[in-house]
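Good morning, and thank you for the opportunity to present. Please turn to the sequence and the structure on the screen.

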Amino acid sequence: MEVAPGTTAEQTAAITEAIDEKMRAHLTGISEVEVHFQPSGYDERDYAQTARARADALGLNTHEVRVIDANYGKVMEMHVEVPPNQTLGEAHEQASELESSIRSALPDVVEVVTHIEPKLTESSGDFSREAKDLKVQALTLLRDHFPTADWHELRVSALNGSGYYACTLHVALAATMTLEDAHDLAERAEMLLRLELPRIARVTIHTEPQEARDYPTSTRGGDVCSWGGPGGGQISPVIWKARLSLIQHNRLAQSALR
């Protein structure tokens with residue numbers, strides 16, 4: 001199966017799992033499903049995906065990846081999460097290794113600027129009054145400002161004893177909406193929540209087509225695998241930040257199952 005060169009191990013695992021489920025549901029006597037991946041020859045670069053793949057290889061998390069077209073070339077900016085018990089020197093060394101790896105993979109990126117921050121882990125659940133209030137306020141804000149979007153599965157969790165919270169949620173949008181418009185809506189929604197609710201320090205929005213919301217076939221631990229009808233379907237991997245290229249993975253799964 002051909003995938004984009006920047007596809008991470010986490011993404012291929014999610015695709016493999018979805019293919020395995022689909023085949024076992026329709027074919028009997030299958031003892032094992034083995035999927036081999038190889039990079040496609042598609043030339044268009046997905047800068048954010050490549051950056052995340054390089055970070056994944058180093059055991060790092062990244063978010064808020066963006067590329068700026070400066071007058072001297074492309075500049076990539078991102079936030080890099082490192083273990084909270086590291087020293088500044090250790091964290092800087094890891095970030096520098098990541099920057100070098102990204103420049104090697106993307107020669108047209110002349111500069112990589114990383115903002116280092118401690119990795120904050122979410123608690124398994126937060127049932128405090130404040131968390132519940134934040135959940136209600138967040139949903140109200142989103143539904144007031146983006147009434148045509150279907151906001152659901154919103155969860156608010158405490159961040160590592162920091163006094164702040166992480167908010168994760170799904171939004172179902174029209175399948176005909178362009179990826180750029182879906183990304184823009186998610187960006188504006190994230191900014192709205194962080195500005196209006198400063199106790200929410202991190203927002204993760206999973207965008208999906210409305211069909212995936214209407215006709216899910218299985219949901220496990222935040223993973224959603226949905227198949228939209230005869231001849232193909234949509235695969236939604238583990239919850240990614242809004243910058244995940246959902247459409248690309250839908251097409252990969254569809255072509256593999258034809």
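I shall describe one sheet and the helices that pack on it. Please bear in mind that this is a predicted model.

The sheet is open and has 3 strands in the order E6-E7-E8, with mixed pairing. Strand E6, residues 150-158, and strand E8, residues 200-209, are at the edges; each has a single partner strand, so one side of each lacks a neighbour in the sheet. On average, neighbouring strands are turned by 15° against each other, direction ignored.

Let us now consider the pairings. E6 and strand E7, residues 165-173, run antiparallel and are joined by 7 bridges. Within this pair, Ser-157 stands opposite Ala-166, and Val-156 stands opposite Cys-167. E7 and E8, by contrast, pair in the parallel sense, over 9 bridges. Here Thr-168 is found opposite Thr-204 of E8. Between these two strands the chain passes through H5, and this β-α-β crossover is right-handed.

Is strand E7 buried or exposed? Of its 9 residues, 9 are buried, so E7 is largely enclosed by the rest of the structure. Tyr-165, Cys-167, Leu-169, Val-171 and Leu-173 point one way from the strand, while Ala-166, Thr-168, His-170 and Ala-172 point the other way.

I turn finally to the helices. Helix H4, residues 129-145, lies across E6, E7 and E8 and runs at about 150° to E6. Helix H5, residues 179-196, also packs on the sheet, where it touches E6, E7 and E8. The direction of H5 makes about 155° with that of E8.

Thank you for your attention.

Technical notes
Residues numbered from 1 in each chain as written. Predicted model: local features only at pLDDT ≥ 70, side-chain atom pairs only at ≥ 80, totals over all residues. Heavy atoms only, no water. Pairing = 2+ DSSP bridges. Helix = DSSP H or I, 4+ residues; strand = E, 2+ residues; numbered from the N terminus. Axes fitted to C-alpha atoms, helices over the stretch in contact; angles between N-to-C directions. Contact = heavy atoms within 4.5 Å. Buried < 20%, exposed > 50% of the residue type's maximum accessible area, 1.4 Å probe, protein only. Right-handed = clockwise from strand over helix to strand, strands pointing away.
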